[in-house]
Amino acid sequence: MYVYQDYDQRLLEERVAQYRDQTRRYLAGQLSEDEFLALRLQNGLYIQRYAPMMRISVPYGMLNSTQVRKLASITRDYDKGFCHVSTRQNIQLNWPELADTPDILAELASVQMHAIQTSGNCIRNITTDEYAGVNPREIEDPRPWCEVIRQWATFNPEFAYLPRKFKIAVNAVPDADPALIGVHDIGVQIVHDHNGETGFQVWAGGGLGRTPMTGEVIGEFVAWPDLLAYLEAILRVYNKYGNRDNKYKARIKILVKALGADKFRELAEAEFAELKGGAMTLTRDEVARIKACFVDPDYRTDVDTSALRNALDEHRAFNRWYHTNTRAHKKDGYRSVTLTLKKTGRIPGDITDEQLEDVADLADRYAFSEVRTTHQQNMVLADVAEDELYELWRQLDALGFATPNLGLITDIVSCPGGDLCALANAKSVPIAEGIQRQFDDLDFVHDLGPLDVNISGCMNACGHHHIGHIGILGVDKKGKEFYQITLGGRGDRQSRIGEKMGPSFESHEVTSVIGKIISVYLDNRLENEPFISTYERIGMDPFKEVVYG
Amino acid sequence: MAKVIVNGEIVENTWQRLTSEELDQQDVPAEGAVIVPLAYWLAHRDALLERAAPVGVCLEPGEEPADLAADLPALPLVAVNFPAFKDGRGYSYARELRTRYGFEGEVRAVGDVLQDQLFYMHRVGFNAFEVRADRDIEEALNGLRPFSVTYQGDAHDERPIYRRQSA
């Protein structure tokens with residue numbers, strides 16, 4: 001993980017003092033609602049349906065066990081004993097008191113955490129592959145570049161009042177898109193030139209939300225020293241020319257679309273020409289300093305895998321979990337383990353204070369004290385020795401974290417929805433629960449194979465419904481909750497926006513509609529053909545006929 | 001006379017800012033420092049340059065420093081208006097004035113200028129602030145210095161923190 005210098009820590013402490021004073025002035029009536037709104041949002045604080053919601057930043061999803069324990073104590077002391085992992089890899093508290101929020105930030109600062117720029121019209125948390133650094137398919141570790149970008153974006157004075165929020169993701173896998181760069185305001189694809197030097201293919205103008213679209217390649221190859229100058233150029237073009245009259249047309253995707261990728265590129269390249277070679281140019285020393293924070297842990301070389309083979313042969317449940325919830329690691333003898341936070345009846349991504357402490361203990365014991373959050377609202381122990389997997393599984397199973405459903409129909413991604421969120425048109429949790437209850441037979445769930453189900457309670461698309469193989473969107477029709485279904489979205493190899501099926505459904509109809517969609521798949525699939533491939537082969541019509549027929 | 005923050009000090013505001021509407025009704029007064037809109041400047045540049053008292057130009061959102069680039073050496077002051085504090089275009093304009101065009105005169109933030117934005121405004125190159133009239137300008141001064149640490153370079157020092165540290 002990135003190790004704070006004195007100045008990183010001082011910056012956080014100064015931020016807490018600044019925010020404490022802002023909150024005091026707001027409570028004393030010296031700041032208007034609107035003025036405080038912009039300030040509190042950039043400190044992660046929304047006012048929700050029942051209470052403020054505080055979004056805590058987890059830079060590119062990395063946490064250490066000390067931070068996880070701090071999150072546990074904060075959820076216990078300031079909230080109702082649980083928190084929520086968001087699709088931006090952040091952690092959300094749903095019931096803090098406004099007056100307590102400066103104290104919460106001070107507690108976070110004590111473990112090098114914060115809520116800076118987790119909301120508001122600024123550059124948000126930088127995200128990447130949750131298996132970054134251990135993924136055998138990546139060409140290099142993307143996290144140092146995420147950290148380089150994070151520091152440039154943090155309190156960047158020019159880009160704090162953008163037309164709209166701004167999300168950047170970094171991907172280092174050549175033939176897959178685990179970071180979803182195609183649907184980000186800026187997506188950074190790490191590439192190597194023929195000499196093996198690092199560079200970046202820079203995408204811009206993707207996004208979900210109200211007008212979902214995938215981005216365009218703006219910079220075909222940006223040499224690594226120029227990364228920040230190139231990003232600054234794009235941000236300056238957006239800051240100057242992005243639409244500020246209509247918040248629904250204010251994201252960079254609308255600007256890129258309106259100008260066309262060629263014109264946008266021309267403007268960005270003109271800015272870049274001014275900045276290139278200047279003081280922002282990254283140095284080998286600084287990149288090396290940051291890379292040194294992301295070195296391999298002390299991997300064992302004596303991992304005995306014979307015990308693992310025996311356990312896989314003897315324990316069917318362990319075998320299933322192994323094949324579903326763990327994945328290959330760059331280091332022989334190691335696997336990455338995903339803990340699914342998708343217990344039926346709970347908000348997907350929710351975790352309690354005690355569970356957080358359990359996860360921290362397991363991380364200390366089995367995974368070099370490191371925990372990651374994922375955009376699918378799960379948690380990852382990235383480095384587990386194969387000869388400790390069985391023991392870990394037994395403990396995870398006892399704690400309820402070993403449901404072998406990663407990437408399957410019941411591993412639903414969902415926002416908290418209308419139960420908590422003031423923006424939502426509709427509830428999302430009962431819909432997720434209905435689907436999880438309908439598909440409660442694990443054998444059947446496994447037979448269905450990989451299936452991404454994503455639910456958003458409103459257009460803001462926090463549940464990433466556009467990129468679900470099956471996407472569910474809550475809509476409001478004359479004060480009643482309805483759900484619109486899309487099929488064929490994907491956020492795996494290359495992001496693609498799903499297609500609307502047709503008229504929306506009432507909440508009590510949704511699970512039976514999902515059942516019909518699944519039956520069409522089962523009737524049409526070829527051997528070993530996953531849902532998304534069947535859909536791509538046969539198209540929307542057969543699904544529509546059965547669902548609306 | 002109204003007060004303004006210039007270079008970290010609260011001073012008398014000696015500049016009179018004239019709007020397009022006002023200039024439709026009246027000419028620029030013969031005496032005193034004035035700030036005029038960009039369109040008025042472009043239309044009356046030669047006459048304004050002959051004036052004994054200083055003239056500055058105010059940019060609205062959508063009017064960029066590039067529109068004024070050739071005249072910058074002749075100007076003692078460029079104002080940037082913030083009709084609403086959340087409209088952040090002016091931050092890029094100030095940065096361009098300082099860094100791209102090397103403008104060394106006064107860059108003044110006017111309009112919805114509030115304490116909690118002053119630090120960022122200062123970093124991008126503003127050195128003068130007409131704090132909104134209903135706010136306490138003394139209190140607003142605190143907004144200039146909440147942080148001793150900055151990661152990125154800015155209009156004052158283009159070097160990011162790691163280059164400043166090792167210098």
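## Close-up views of a two-chain model

**A:Glu197 counts as partly exposed, at 31% relative accessibility, and pairs with A:Arg284 in a salt bridge.** The burial classes are buried under 20% relative accessible area, exposed over 50% and partly exposed in between, using a 1.4 Å probe and protein chains only. This is a predicted model, where local features need pLDDT of at least 70, side-chain atom pairs count only at pLDDT 80 or more, and totals for chains, interfaces and linings use all residues; side-chain values use heavy atoms, with hydrogens and water left out. Residues are numbered from 1 along each chain as its sequence is written, while chains are lettered from A and ligands numbered from 1 in the order in which they are written. In this pair the closest N and O atoms of A:Arg284 and A:Glu197 are 3.7 Å apart; a salt bridge needs a side-chain nitrogen of Lys or Arg within 4 Å of a carboxyl oxygen of Asp or Glu. A:Arg284 sits in helix α9 (residues 284-291) of chain A and A:Glu197 in the loop between β8 and β9 (198-204) of chain A, so the bridge ties together parts that are 87 residues apart in sequence. Helices (H or I, at least four residues) and strands (E, at least two) are DSSP runs, numbered from the N terminus. A:Arg284 itself is exposed, at 56% relative accessible area.

**A:Arg137 and A:Asp175 form a salt bridge between two loops of chain A.** Here the closest N and O atoms are 3.2 Å apart. A:Arg137 belongs to the loop between β6 (127-128) and α5 of chain A, and A:Asp175 to the loop between β7 (168-171) and β8 (186-192) of chain A; the two residues are 38 residues apart. Both partners are partly exposed: A:Arg137 has a relative accessible area of 44% and A:Asp175 one of 46%.

**A:Arg265 and A:Asp262 meet in a salt bridge within helix α8 of chain A.** The N to O distance is 2.8 Å. The two residues are 3 residues apart, about one turn of the helix. A:Arg265 is partly exposed at 25% relative accessibility, whereas A:Asp262 is exposed at 57%. For the wider picture, a search of the whole structure finds 59 salt bridges over all chains.

**Chain A and chain B bury about 3600 Å² between them.** That value is the accessible area (1.4 Å probe) that two parts lose on being put together, summed over both, and 51% of it is on carbon and sulfur atoms. On chain A, the residues that lose the most area to chain B are A:Tyr7, A:Pro157 and A:Tyr161, together 20% of what that side buries. The contact (heavy atoms within 4.5 Å) takes 45 residues from chain A and 35 residues from chain B.

**Salt bridges and polar contacts cross between chain A and chain B.** There are 10 salt bridges across this interface. B:Asp116 and A:Arg25 make a salt bridge with their closest N and O atoms 2.7 Å apart. There are also 27 residue pairs in polar contact, both residues at pLDDT 80 or more; a polar contact is a pair of N or O atoms within 3.5 Å, where within protein one must be able to donate a hydrogen and the other to accept it, and residues adjacent in sequence count only if both atoms are side-chain atoms. The elements giving two or more residues to the side of chain A that touches chain B are α1 (6-27), α2 (33-41), α5 (143-153), α6 (227-241) and α8 (261-275) of chain A. Of these, α1(A) supplies the largest share, 11 residues.

**Helix α4 (residues 89-100) of chain B is largely enclosed by the rest of the structure, because 10 of its 12 residues are buried.** Among the buried residues are B:Tyr91, B:Tyr93 and B:Leu97. The buried residues of α4(B) pack against α6 and α8 of chain A, along with β6 (77-82), β7 (106-111) and α5 (118-124) of chain B. B:Gly102, whose phi is positive, near 60 degrees, follows α4(B). A network of salt bridges links residues including B:Arg95, B:Glu96, A:Glu232 and A:Arg236.

**A:Thr352 is buried, with a relative accessible area of 19%.** This residue lies in strand β13 (residues 350-352) of chain A. Leaving aside neighbours within four places in sequence, A:Thr352 is in contact with A:Gly81, A:Phe82 and A:Arg346.

Definitions and conventions:
Expected span 1.5 Å × (residues − 1).
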